[in-house]
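Here is a walk through the sheets and one helix pair of this structure. Have the model open on your screen as you read.

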Amino acid sequence: MTDLDQPLACDVPAAPHSASGEQVATFDLSAVAPPARRARRWTPRRVVATPPAYDHPHGRRIMERLEAQGIEVERLRGPRLTGVRGESDRETYARAKNTMAIVVSPPSRRKLQPIAPSADWRFDLAEGCPAHCQYCYLAGSLSGPPVTRVYADLDDILDGLADYAGRGTITSPKPSRHHEGTTFEASCYTDPLAVEHLTGSWRRAVEHFGAWDAPVQLRWTTKFDDVDTFIGLAHHGRTRVRFSVNCLPVTTRFEGGTSRLGDRLAALRRLALDGYPVGLTIAPIMPIDDWRSMYGALIAGVAAAVDGVTGLDLTAELITHRFTPGSRDVLMGWYPRTRLEMNEETRTRKHGKFGAVKYVYPAPLMTEMRTWFEAEIARRLPGCRILYWT
Ligand code: SF4
């Protein structure tokens, strides 16, 4: 029995979805890993809706959208979902990853939290993701079968953001980012473009911010390329879409079920040509063999993708790989032959903001990589603003 009223990631500190497990409790998902594979548009095998969801206009919009795509929506009598648990963990995991639930957001998600260093505030339109990135903190931090929840109370969620405008604590006070206004991050517990074709939620969020004539900005990051429905929207420059990218060896080895790097960069170009502020989330950065030429090729690929875009507004967020003892155990059990390097001996042990132990690269290596990335981005992508390195 799965209670759809409960959030998937309980009491987990805010973190961007490309983070790698620091500060969160993890659960052993050994032996349930799917193989890395290319993304297709996700079609859940089962879609359910809880009763409060169909009281909300957006809940009904999602149901109509799904039914138009030939996807049947099962109407539940309450928040309890049965039939997800299988004979084995692998079966439960596979069933849950193929299930989408249309629900009303839990009250805890309606009180916004700051999310440093990315944005002033985070808010959620969904929770859960059909992709399978090996380093994703969601993989080990979910408290139950990872059924993707999408929120029916979108209109209330968007209306509630007005209370937070002008109250930023992260980006608004920073002189280098002051012009962005109050920033709202909308991709902490999901990948928006993995589910947008089923929900239409982020498109409506873009329109909401486009019509919100105030110093505010919507932000999200994605590893997908499905941007067709965003072209031509009245975004008024108040949405920055960042593409989560990495060098080819990392993206092909570790990011199962996501869009190919070249397709993400082509999508970035399309949005930039449509006047959107865009960005790169380069994460998690890893000093793999020959990392300078591998990441050099990535940055060259980005330079080619934005070549000739007039009025380009491009940012970069640079996040190095880190892990906790818990996330390491999960991933080693999950991918026993993984080539993801998680050797505590070669890392520096640090304490995160919430006291949890995390392992990061040693300071000299961090300095070397940071210096290289800053110089290379300045050389190949002049005009790209680096928002932070961590
Ligand atoms: S695309 Fe999905 S699985 Fe991959 S890092 Fe993002 S949330 Fe995690």
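## The five-stranded sheet

Let's start with an open sheet of five strands, ordered 3-2-5-10-8 and mixed in its pairing. Strand 3 (73-75) and strand 8 sit at its edges, each pairing on one side only. Bear in mind throughout that this is a predicted model.

Helix 5 packs on this sheet, where it touches strand 5, strand 8 and strand 10. The direction of helix 5 makes about 60° with that of strand 10.

## Strand 10 and its two neighbours

Strand 10 (residues 148-151) deserves a closer look. Which way do its side chains go? Thr148 and Val150 point one way from the strand, Arg149 and Tyr151 point the other way, and all are buried.

On one pairing, strand 5 (residues 99-103) runs parallel to strand 10, and four bridges join them. Here methionine 100 has threonine 148 of strand 10 as its bridge partner. The pairing with strand 8 (residues 126-127) is antiparallel and has two bridges. In that pairing, arginine 149 of strand 10 stands opposite glutamate 127. So Thr148 and Arg149, which point opposite ways from strand 10 and are both buried, each turn up in a pairing: Thr148 as the partner of methionine 100, Arg149 opposite glutamate 127.

## Helix 5 against helix 6

Now back to helix 5. How do you describe two packed helices? You give the angle between their axes and the distance between the axes. For helix 5 (residues 192-199) and helix 6 (residues 201-211), the angle is about 95° and the axes are 7 Å apart. Angles of 65 to 115 degrees count as roughly perpendicular, and helix 5 and helix 6 are therefore roughly perpendicular to each other.

Who makes the contact? Helix 5 brings Pro192, Glu196 and Thr199, while helix 6 brings Ser201, Trp202 and Arg203. By type, the residues of this contact of helix 5 with helix 6 split into two nonpolar, two polar and two charged.

## The eight-stranded sheet

There is also an open sheet of eight strands, again with mixed pairing, in the order 6-7-11-12-13-15-16-19. Why is one side of strand 6 (113-115) and of strand 19 (385-389) left without a neighbour in the sheet? Both stand at the edges, and each has a single partner strand. From one strand to the next, the twist averages 30°.

Within this order, strand 12 (residues 216-222) and strand 13 (residues 239-245) run parallel and are joined by five bridges. One pair to pick out is leucine 218 with its bridge partner in strand 13, threonine 239.

Key:
Residues numbered from 1 in each chain as written. Predicted model: local features only at pLDDT ≥ 70, side-chain atom pairs only at ≥ 80, totals over all residues. Buried ≥ 20, exposed ≤ 12 C-beta atoms within 10 Å, placed from the backbone. Pairing = 2+ DSSP bridges. Axes fitted to C-alpha atoms, helices over the stretch in contact; angles between N-to-C directions. Parallel < 35°, antiparallel > 145°, perpendicular 65-115°, else oblique. Contact = placed C-beta atoms within 7 Å. Nonpolar A, V, L, I, M, F, W, Y, C, P; charged D, E, K, R; others polar.
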